[in-house]
Amino acid sequence: FTRSEMLPDGATFKPLLDWFGRPSQERIAGVSTSVYEATTRLRATETFKRNSYALGGTFSGYLAKREYSAKNEVMTQLLQLPVSFNDLMRSVGAREQKQDEGSKLRAKVWLAKGFALNVSHMQLILNLIAMANQHAAKAAVVLQKWEQRDVFPMKVYMPLLLSLYAQLSCADFKPGCNKVAPDWFSVPATCSESSPREVMEQIAKSALGGPDASRSTSATEEPVDNLFGDFAIM
């Protein structure tokens, strides 16, 4: 039995400093942001399970043999990825690579404070998607640990291979809904307010023919098929 894992090693996340040693500030799409840098190395670990249990004897013999079972063999190393020219030379063996040396990955993120959207809004959207998508569920768990709840990533830069990189940017942002009616966000009289989890549970029961699938709706509740008919994210 073998188990393989890929885990970050020595991960950091801190503000990027300018030439004067001050936190770097930049404007993205007209919005003031603070520049942060995330760094990490990747460590690959393989665990080989080695058992020496006596399976053909008595139960007492099995228990006694457990004390002398061989320990699992663990092999681990820092990955050398071709994200720079030096890393490329080390990965192909053209340059010497130290035993505990691996490629350091660096990514940048531009965080805006006081923006119309923030981490809390992203958390709500991910929590809704997480009901039906396990990748969104994992992202929601990670985002839940984020301490800065009032910021929004206006730009993300991540190197991939040598001069190849991925970049996401927020552009052409225009505030809307300048003249919103007082009851714009109010729950309509023909609807009832429910949490996203309750809504997804009702839909799942209806699809699987559960005990609540054929129940009738009251005058203040929309049928399950129309729960998202007027749903919108402003």
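Two strands are taken to pair if DSSP finds at least two bridges between them. In this predicted model, strand β6 (residues 151–161) and strand β7 (residues 164–169) pair in the antiparallel sense over six bridges, and Leu161 has Leu164 of β7 as its bridge partner. Strand β6 is also joined to strand β5 (residues 105–113), again by six bridges and with the two strands running antiparallel; within this pairing, Val109 stands opposite Val156 of β6.

A further antiparallel pairing, over four bridges, links strand β2 (residues 25–28) to strand β3 (residues 31–48), where Ile28 has Val31 of β3 as its bridge partner. Strands β2 and β3 form a hairpin with two residues between them, and Ala29, which lies in the turn, adopts a positive phi of about 55°.

The confidence of the prediction varies along the chain. The mean pLDDT of the chain is 76, with 77% of its residues reaching 70 or more. Among the elements of the chain, β2, which belongs to the hairpin described above, has the highest mean pLDDT (92), whereas helix α1 (residues 59–66) has the lowest (68). Over residues 212–234 the pLDDT stays under 50, and for this segment the model has 31 contacts beyond four places in sequence.

The second largest pocket of the model has a volume of about 790 Å³. Its lining comprises 29 residues, of which Phe13, Ala38, Ala107, Trp146 and Met158 are the closest to the centre of the pocket. Two or more lining residues are given by each of the elements β1 (2–15), β3, β5, α3 (119–129), α4 (134–144) and β6, and the most come from β5, which gives six residues. In composition, the lining of this pocket divides into 24 nonpolar, three polar and two charged residues.

Aromatic contacts were examined as well, and the structure holds four aromatic pairs. One of these is formed by Phe13 and Trp146 in an edge-to-face arrangement, with 5.3 Å centre to centre and 70° between the planes. Because Phe13 lies in strand β1 and Trp146 in the loop between α4 and β6, the pair ties together parts that are 133 residues apart in sequence. Both Phe13 and Trp146 are also among the residues closest to the centre of the second largest pocket.

Key
Residues numbered from 1 in each chain as written. Predicted model: local features only at pLDDT ≥ 70, side-chain atom pairs only at ≥ 80, totals over all residues. Heavy atoms only, no water. pLDDT = per-residue confidence, 0-100. Contact = heavy atoms within 4.5 Å. 1 Å grid on protein atoms, 1.4 Å probe; cavity = no way out; pocket = protein on both sides within 12 Å on 5 of 7 lines; lining within 4 Å. Points joined across faces, edges and corners; volume = space filled by probe spheres on them. Nonpolar A, V, L, I, M, F, W, Y, C, P; charged D, E, K, R; others polar. Phe/Tyr/Trp six-rings, centres within 6.5 Å; stacked < 30°, edge-to-face > 60°.
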